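Please walk through the fold of this chain, from its overall make-up to single residues. Where does each strand sit, and what do the loops and cysteines look like?

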Amino acid sequence: MCESNVYLIDEKGEEKLIFEAVNEVSSYGGGLCLENIFYQRKYILAKIKEISFLERKIILERISEDE
């Protein structure tokens, strides 16, 4: 399987794990909808900064509602 962990860049510029075993990412309402292998969903106002398929890692940056 090809799940990835999702990290969000915090205000200090550090990666913080926010969701594990994600297998689907889709756009939703100006942000993203993340879904994991257990069919749990998380909606976040963010954009993708980087994806590493090798490390199975997705890094997000928050976006403001103005963007």
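Helices and strands are here DSSP runs, a strand being a run of E with at least two residues, and they are numbered from the N terminus. The model is a predicted one.

By that assignment the chain holds zero helices and six strands. Read from the N terminus, the elements follow one another as β-β-β-β-β-β. The radius of gyration is 11 Å, which agrees with the value near 11 Å that a compact globule of 67 residues would have. The C-alpha trace spans about 35 × 25 × 15 Å along its principal axes. Of the 67 residues, 36% count as buried. Among contacts with a separation of 6 or more, 26% come from residues 24 or more positions apart. The chain exposes an accessible surface of about 5,000 Å², and carbon and sulfur atoms make up 47% of that surface.

The six strands form an open sheet in the order β4-β3-β2-β1-β6-β5, and the pairing is mixed. At the edges stand β4 (41-44) and β5 (46-52); each has a single partner strand, so one side of each lacks a neighbour in the sheet. From one strand to the next, the twist averages 45°. In general, strands of a sheet pair through backbone hydrogen bonds, in either a parallel or an antiparallel sense. Both senses appear in the pairings described next.

Strand β1 covers residues 4-9 and strand β2 covers residues 15-28; the two pair in the antiparallel sense over five bridges. Within this pairing, Ile 9 of the first strand lies opposite Glu 15 in β2. With β6, by contrast, β1 pairs in the parallel sense, over four bridges. There Asn 5 has Lys 57 in β6 as its bridge partner. Strands β5 and β6 run antiparallel and are joined by six bridges. One of the bridge partners in β6 is Ile 59, which faces Glu 50.

Ser 4 shows how residues from separate parts of the chain meet around β1. This serine is found in strand β1. Its relative accessibility is 11%, so Ser 4 counts as buried, the limit being under 20%. Leaving aside neighbours within four places in sequence, Ser 4 is in contact with Glu 20, Ala 21 and Val 22, and also with Arg 56, Lys 57 and Ile 58.

Arg 56, one of those contacts, belongs to the loop between β5 and β6. The hairpin of these two strands has four residues between them, and in it Arg 56 takes a positive phi near 55°. Arg 56 is not a glycine, although its phi is positive. Is it buried, exposed or partly exposed? At 42% relative accessibility, Arg 56 counts as partly exposed.

Phe 53 is found in that loop too, ahead of β6 (57-62). With a relative accessible area of 72%, Phe 53 is exposed, because the cut-off for that class is over 50%. Its C-alpha atom is separated by 18 Å from the C-alpha atom of Leu 32, and these two residues are 21 residues apart along the chain.

A positive phi also occurs in another loop. Tyr 39 has its place between β3 (31-36) and β4. Phi of Tyr 39 is near 65°, a positive value in a residue other than glycine. Tyr 39 has a relative accessible area of 66%, so this tyrosine is exposed.

The cysteines remain. How many disulfides does a search of the whole structure find? The search finds zero. Cys 2 is in no disulfide, and the nearest cysteine sulfur, that of Cys 33, is 19 Å away. Why is there no bond from Cys 33 to Cys 2? The sulfur of Cys 2 is the closest cysteine sulfur to that of Cys 33, but at 19 Å it is too far for a bond; a disulfide calls for sulfur atoms within 2.5 Å. The surroundings of the two residues can be set side by side. Cys 2 is exposed, with a relative accessible area of 70%, whereas Cys 33 counts as buried at 9% relative accessibility.

Definitions and conventions. Residues numbered from 1 in each chain as written. Predicted model: local features only at pLDDT ≥ 70, side-chain atom pairs only at ≥ 80, totals over all residues. Heavy atoms only, no water. Pairing = 2+ DSSP bridges. Axes fitted to C-alpha atoms, helices over the stretch in contact; angles between N-to-C directions. Buried < 20%, exposed > 50% of the residue type's maximum accessible area, 1.4 Å probe, protein only. Rg over C-alpha atoms; globule rule 2.2 N^0.38 Å. Contact = heavy atoms within 4.5 Å. Areas by Shrake-Rupley, 256 points an atom, 1.4 Å probe, with all protein chains shown as cover.
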